[in-house]
Amino acid sequence: MHQVQAVVAHAKGEPVGIETINVPDPGPGEALVAVQACGVCHTDLHYREGGINDDFPFLLGHEAAGVVEAVGDDVTSVAPGDFVILNWRAVCGNCRACNRGEPWYCFATHNATQKMTLADGTELSPALGIGAFAEKTLVAAGQCTKVDASARPAAVGLLGCGVMAGLGAAINTGNVSRGKTVAVIGCGGVGSAAIAGSVLAGADTVIAVDVDDRKLEGARRMGATHTINSANADPVTGIQELTGGNGADVVIDAVGRPETWKQAFYARDLAGTVVLVGVPTPEMMLPDIPLIDVFGRGGALKSSWYGDCLPSRDFPMLVSLYRQGRLDLDAFVSEEIGLDDVEAAFDKMHHGDVLRSVVIL
Ligand SMILES: NC(=O)c1ccc[n+]([C@@H]2O[C@H](COP(=O)([O-])OP(=O)(O)OC[C@H]3O[C@@H](n4cnc5c(N)ncnc54)[C@H](O)[C@@H]3O)[C@@H](O)[C@H]2O)c1
Ligand SMILES: [Zn+2]
Ligand SMILES: [Zn+2]
């Protein structure tokens with residue numbers, strides 16, 4: 001058993017704090033990971049706000065890279081010393097999605113069996129089954145994806161959640177390819193990654209939409225060809241004007257609100273695709289759209305869970321592109337912070353000051 005420092009959310013809406021927690025030695029199918037870097041994702045804030053479920057206390061953090069310290073007796077996929085990115089899609093190989101050859105939808109992903117606890121024995125709920133704002137964390141071995149050890153942990157750890165979600169929303173879910181026109185609504189960490197992914201895939205026109213000019217400047221640096229501030233201008237008209245009056249082939253909603261989804265719906269060309277990657281809250285309803293418009297405009301209305309990624313396939317490939325200078329993951333790291341700065345990082349995220357604050361351990 002290991003006693004380490006970690007960031008815990010005790011109750012809905014209350015500031016997070018640092019605690020000493022107990023982390024068991026790995027049993028069958030498990031791995032103990034010494035965390036090196038973990039990004040602060042909007043989803044951690046959703047947990048703290050009680051927006052995911054009520055299973056407090058939460059051990060936050062889930063966008064991480066580190067080194068495997070020990071593994072359970074039966075584990076062969078990773079070994080002590082391996083540099084890994086943690087993922088929340090350890091595919092089971094047996095569910096109906098896996099059995100039909102679509103493991104990126106796996107409906108029965110693995111987490112560690114043993115529980116990490118507070119000093120008094122209270123069981124912790126690790127965010128997305130990871131819990132990596134901690135010096136060490138216990139995960140299922142399948143949650144560890146081995147990648148090139150020379151990569152910067154703060155940058156490649158972001159592939160563990162938000163950056164993969166955005167890249168995959170474009171490349172995997174949206175099938176963005178050479179020559180396509182794309183619009184991305186919301187240019188935080190996830191939307192900016194969708195822009196970078198669209199550029200990587202060879203999109204011809206990439207339109208960034210946000211209500212914050214600082215985010216639009218960042219989007220330009222990620223490769224957006226045009227920007228629209230939707231606080232001042234109608235994004236549907238703007239996107240149509242920039243695409244020959246037609247609308248974009250793929251529109252990605254990286255905000256996740258009824259009004260942004262409606263913009264995405266109408267800003268898309270006939271037979272185009274809408275990808276919802278931003279996560280709505282439970283009380284939000286589908287916007288009022290005549291059903292004849294759904295029929296008449298054709299195409300596909302899709303949601304993207306974790307960018308429909310397959311970590312074993314996508315993480316090593318994206319780390320390779322990063323190392324070749326073709327995918328600028330460093331551009332997502334706005335600041336490196338300590339474990340005790342997570343609450344301040346939530347504030348900066350809320351005010352739009354950062355793409356990603358990354359805790360360095
Ligand atoms: N689908 C997945 O698997 C997955 C994974 C990770 C995160 N997410 C979700 O993606 C969303 C974005 O995450 P993030 O980390 O990029 O958040 P973020 O807070 O960094 O970025 C949100 C951006 O949207 C902009 N915005 C807000 N309202 C807007 C509006 N009405 N129109 C245009 N732009 C608007 C903000 O200015 C900001 O730039 C969150 O809902 C998060 O929970 C989804
Ligand atoms: Zn499965
Ligand atoms: Zn996340």
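**Helix α8 and its surroundings**

The buried residues of helix α8 pack against four elements: β11 (181-185), α7 (235-241), β14 (248-253) and β15 (268-276). This is a feature of a predicted model, and it offers a point of entry into the protein chain. Helix α8 itself spans residues 258-266, and its buried residues are Thr 260, Trp 261, Gln 263, Ala 264 and Phe 265.

Three of the elements just named are strands, and their pairing can be followed through β14. Strand β14 pairs with β11 in the parallel sense, over four bridges. Within this pairing, Val 182 has Val 250 of β14 as its bridge partner. Strand β14 also pairs with β15, again in the parallel sense, and here the pairing runs over five bridges. In that pairing Val 251 stands opposite Val 274 of β15. The route between these two strands leads back to the helix: the chain passes from β14 through α8 to β15, forming a right-handed β-α-β crossover. Helix α8 is thus the connection in this crossover, and its buried residues pack against both of the strands that it joins.

How much of β14 is buried? Six of its six residues are, so the strand is largely enclosed by the rest of the structure.

From this local arrangement the view may be widened to the protein chain as a whole. The chain contains eleven helices and 18 strands. Its radius of gyration is 20 Å, close to the 21 Å that the globule rule gives for 361 residues, and the chain is therefore as compact as a globular protein of that length. Along the principal axes, its C-alpha atoms fill a box of roughly 60 × 40 × 40 Å. Of the 361 residues, 51% are buried. Contacts across the sequence complete this overview: among those between residues at least 6 apart in sequence, 71% join residues at least 24 apart.

The model also holds a ligand. Ligand 1 is surrounded by 33 residues, of which the closest are His 42, Ala 165, Gly 186, Gly 188 and Val 190. Several elements contribute to this shell: the helices α1 (42-48), α4 (162-173) and α5 (189-200), together with strand β12 (205-210), each supply at least two of its residues. Sorted by class, the shell comprises 15 nonpolar, 14 polar and four charged residues.

Terms used. Residues are numbered from 1 along each chain as its sequence is written. Chains are lettered from A and ligands numbered from 1 in the order in which they are written. This is a predicted model: local features need pLDDT of at least 70, side-chain atom pairs count only at pLDDT 80 or more; totals for chains, interfaces and linings use all residues. A residue is near a molecule or strand if its C-beta atom, placed from the backbone, lies within 6 Å of it. Ala, Val, Leu, Ile, Met, Phe, Trp, Tyr, Cys and Pro count as nonpolar, Asp, Glu, Lys and Arg as charged, and the others, Gly among them, as polar. The radius of gyration is taken over C-alpha atoms; the globule rule is 2.2 Å times the number of residues to the power 0.38. A residue is buried if 20 or more other C-beta atoms lie within 10 Å of its own, exposed if 12 or fewer, and partly exposed in between; C-beta atoms are placed from the backbone. Two residues are in contact if their C-beta atoms, placed from the backbone, lie within 7 Å. Two strands pair if DSSP finds at least two bridges between them. A crossover is right-handed if, with the strands pointing away from the viewer, the path from the first strand over the helix to the second runs clockwise.
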